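Good morning, everyone. Please take a moment with the sequence and the coordinates before I begin.

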Amino acid sequence: TELLEALLASDPRASAAFEMLHVTHQASLDAYLSGAVDAADFQVLVDWPKTWGFPFPLYQPLFELLRATSRRGFALNVPKRIVSKVAFSGLESLTPDEQAFVPAGFTRPTDPAYLAMLAETYRAHGGDPADATPFGRYVDAMSLWNEGMAAAVAKALAGAPGAPVLVVAGAFHAYEAGIPAGVARRVPGVRQVSIVLLERQGCPARLDAADLELSADYYW
């Protein structure tokens, strides 16, 4: 919240963008931030418990800041059903309407540390990264998350060139190989700062080397 406050004070065009909302929720977000609907109605409109699940009050101060200052907010995410379908059936299984959510320039990550993290998370869900076809679908699904949100961020930046946008997303997406890499490819010369929150005790000097294998500008 403090970071958003600072950005809003620094530039009258500053805005924020949210992983928590699908791009199909943009009209509902606009209605909430404009004051056309209240917070309770907004949660119903976007089916917050199903769409995100974490308690709304954790994020409400960010929305209320934008609302109070008449600033824009952007819904970033690809609908879950699309990502899930890719994970189980592959990109080739998408219908033409569903393919519209796959952004132009879609690509997989190439960073070894990021791919290793994907392999570890896949293994944690009971999969075997050595099984190339299902693991490849999993990588495509995770990449679709990052690439879809990166394309949405790029669109927001195009609407106000040079204006700061605070992207609120999980650490998985905040690492440089996640959303930032996709934004950099789509917006040449863009300046980005990635901040990753880690649940660790002690200062960064005492972080395990493994914590720092995935690139970010700041660890908190």
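I will go from the overall picture to one helix, then to an aromatic pair, and finally to a histidine.

Let me say at the outset that this is a predicted model, so please hear everything that follows as computed from that model. The secondary structure of the protein comes to 11 helices and 5 strands. The radius of gyration is 18 Å, close to the 17 Å that the globule rule gives for 220 residues, and the protein is therefore as compact as a globular protein of that length. Taken along the principal axes, the C-alpha atoms fill a box of roughly 50 × 50 × 35 Å.

Turning to burial and contacts, 43% of the 220 residues count as buried, and, among contacts between residues at least 6 apart in sequence, 70% join residues at least 24 apart. The accessible surface comes to about 11700 Å², and carbon and sulfur atoms account for 57% of that area. As for charge, there are 17 positive and 24 negative charges, and their mean positions lie 5 Å apart.

Now to the helix. Which elements do the buried residues of α2 pack against? Helix α2 spans residues 26-34, and its buried residues are Gln26, Ser28, Leu29, Ala31, Tyr32 and Leu33. These buried residues pack against strand β1 (15-22), helices α3 (39-45) and α5 (60-68), and strand β2 (73-77). After α2 comes Gly35, whose phi is positive, near 95 degrees.

One residue of that helix leads us to the aromatic side chains, where a search of the whole structure finds 16 aromatic pairs. One of them joins Tyr32 and Phe42 in a stacked arrangement, with 4.6 Å from centre to centre and 20 degrees between the planes. Tyr32 sits in helix α2 and Phe42 in helix α3, 10 residues apart, so that the pair links distant parts of the chain. Both Tyr32 and Phe42 are buried, and both belong to one aromatic cluster, whose other members are Phe18, Trp48, Trp52, Phe54, Phe56, Tyr59 and Phe63.

Finally, let me come to His22, which is found in strand β1. Is His22 buried or exposed? Its relative accessibility is 10%, and because buried means under 20%, His22 counts as buried. Leaving aside residues up to four places away in sequence, His22 touches Thr51, Ala75, Asn77, Val78, Pro79 and Lys80.

That is where I will stop, and I am happy to take questions.

Methods:
Residues numbered from 1 in each chain as written. Predicted model: local features only at pLDDT ≥ 70, side-chain atom pairs only at ≥ 80, totals over all residues. Heavy atoms only, no water. Buried < 20%, exposed > 50% of the residue type's maximum accessible area, 1.4 Å probe, protein only. Helix = DSSP H or I, 4+ residues; strand = E, 2+ residues; numbered from the N terminus. Contact = heavy atoms within 4.5 Å. Rg over C-alpha atoms; globule rule 2.2 N^0.38 Å. Areas by Shrake-Rupley, 256 points an atom, 1.4 Å probe, with all protein chains shown as cover. Lys, Arg positive; Asp, Glu negative; His and termini not counted. Charge placed at Lys NZ, Arg CZ, Asp CG, Glu CD. Phe/Tyr/Trp six-rings, centres within 6.5 Å; stacked < 30°, edge-to-face > 60°.
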